[in-house]
Amino acid sequence: MPAASLGDQGHSGTESLPSQHLQPTWVKDELMDEKGKEKEKDPKYWRDQAQETLKYALELQKLNTNVAKNVIMFLGDGMGVSTVTATRILKGQLHHNPGEETRLEMDKFPFVALSKTYNTNAQVPDSAGTATAYLCGVKANEGTVGVSAATERSRCNTTQGNEVTSILRWAKDAGKSVGIVTTTRVNHATPSAAYAHSADRDWYSDNEMPPEALSQGCKDIAYQLVHNIRDIDVIMGGGRKYMYPKNKTDVEYEIDEKARGTRLDGLDLVNIWKSFKPRHKHSHFIWNRTELLTLDPHNVDYLLGLFEPGDMEYELNRNNVTDPSLSEMVVVAIQILRKNPKGFFLLVEGGRIDHGHHEGKAKQALHEAVEMDRAIGQAGSMTSLEDTLTVVTADHSHVFTFGGYTPRGNSIFGLAPMLSDTDKKPFTAILYGNGPGYKVVGGERENVSMVDYAHNNYQAQSAVPLRHETHGGEDVAVFSKGPMAHLLHGVHEQNYIPHVMAYAACIGANLDHCAPASSAGSLAAGPLLLPLALFPLSILF
Ligand SMILES: [Zn+2]
């Protein structure tokens, strides 16, 4: 963006947005029947589709430079580009279509960028250092959250003075409501960078901390969740056990010892959370889906929902009575947050895409991603492109791939259409570079036609045996729509993302372009249209 046009940004007017926000007309999520398949044989079908898309792309030159009253960030943990593509095919196949032609909700976003995910000390990053980048705007060491690269992992005494704050804090400081929704525990790597400063992502409660760190005064992440930013409006996910004194029985799993409280300091953080809220406000702690769905969002000011002792269940294994889906949590979160006339910031994590991949269970991972895409659609239907910037990205990729010259419409969990020309055995399209799916039977690669490779928990074969499949090091996609979405446009360092979100929302440190409301114009003019826009303005002023 040329500097000359900066002064013209940042103010929403009454002018309606360019039609960039309409979908090309050919985009329909309908069942692809025999007629649909015939259509693809006609060159006109492809030409018309491309021309529609071109018209739409030309409209994108009219930029949306409104102020983003709301910012929603969807973070698919481990959702690399190969995962996005496979998720798209799965979504289509769940609707009985071939799948490849399907459009995910995120596919409909007008702008896409690539994000370079490396940590300051790691070529292939982890979820903690990356969360610090895309939430706090600063790259950091792997394993650390909410601290700069001057903090070394696990070294408590390198924390002080190196704390960095997140966009969630910047939004709160600007008077917006803020929320965190995740399918992992709420003190896991991704959400924790929004509110905590910890030399080690694994310091979930004081029980997980070394005595040295405790004696040096470092606080665990659950403690920081409740104490650091005391008025986070919505917190939902798993992680109950880290909130309660050691050995306190869990409300849902009474006989499960692993579900019991972990805290050595004997604190009841749920009570402390409540005690920090003003008496005249409505604060609700809930732990099951029924409670969530019977809440009246108009009567909720603060919500803490902890639905599992640790991470939440995979979507495919979810108990529909006790556990809400990610999209159900997102809907309630937005209903509560949008009551604030100043708007909101919401971080949503599809956190278990990553876990499915680590276990080599591609089907679990992809169903997690389908559910996050559903949540993206729900959020889109509850917000407006006029005032809401939505960003969808991943922290890092995985060594997950699919290939093998599979024919159109092949089940994404299916076999390649030929045998290996080397070991003469079949192979699945989905494979991992490494991981627990490496299996040798009688000195040879396992014959997958002898196993149920479509099972929810089937572990796809890998080239190298590892108990936990690893992250991948290539760039991940950033999808964006709404005000200033066009600033996410090329290949960027991952820490650029929150700087854009904050710029769009006129929060954080860079506010030079955010003139007082009195001088607000109705400028939706991008650089290309600027000369035209200036003329009428010079008359106005
Ligand atoms: Zn991971």
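**Figure 1. Two buried histidines at the zinc ion.** In this predicted model, His 358 and His 471 are both buried. Each of these histidines offers its NE2 atom to the zinc ion, and Asp 354 is listed twice with an OD atom, the protein donors lying 2.1 to 2.4 Å from the metal. His 358 belongs to helix H12 (residues 353-358) and His 471 to strand S15 (residues 471-472), so the pair ties together parts that stand 113 residues apart in sequence.

**Figure 2. Geometry and spacing of the zinc site.** The angles subtended by the four donor atoms around the zinc ion run from 57 to 150 degrees, which makes the arrangement irregular; to count as tetrahedral, four donors would need all angles between 85 and 135 degrees. Along the sequence, the donor residues follow the spacing D-x3-H-x112-H.

**Figure 3. An open sheet of three strands.** The strands are arranged in the order S10-S11-S14, and their pairing is mixed. Strand S10 (400-402) and strand S14 (462-465) stand at the edges with a single partner strand each, so one side of each has no neighbour in the sheet. Neighbouring strands of this sheet are turned against each other by 25 degrees on average, direction ignored.

**Figure 4. Pairing of S11 with S14.** Strand S11 (residues 430-435) pairs with S14 in the parallel sense over three bridges, and Gly 435 is found opposite Pro 465 in S14.

**Figure 5. The chain as the setting of these views.** The chain holds 15 helices and 17 strands, and buried residues make up 56% of its 541 residues. Its accessible surface comes to about 22,800 Å², of which 54% belongs to carbon and sulfur atoms.

Methods. Residues are numbered from 1 along each chain as its sequence is written. This is a predicted model: local features need pLDDT of at least 70, side-chain atom pairs count only at pLDDT 80 or more; totals for chains, interfaces and linings use all residues. Side-chain values use heavy atoms; hydrogens and water are left out. Two strands pair if DSSP finds at least two bridges between them. Helices (H or I, at least four residues) and strands (E, at least two) are DSSP runs, numbered from the N terminus. Axes are lines fitted to C-alpha atoms, for helices over the stretch in contact, and angles run from 0 to 180 degrees between N-to-C directions. Buried means under 20% relative accessible area, exposed over 50%, partly exposed in between (1.4 Å probe, protein chains only). Accessible areas come from the Shrake-Rupley method with a 1.4 Å probe; for residues, only the protein chains shown count as cover. Donors are N, O and S atoms within 2.8 Å of the metal (3.2 Å for Na, K and Ca); water is not among the atoms, so sites may look incomplete. Four donors count as tetrahedral if all angles lie between 85 and 135 degrees; four count as square planar and six as octahedral if opposite donors are over 155 degrees apart and all others between 65 and 115; anything else is irregular.
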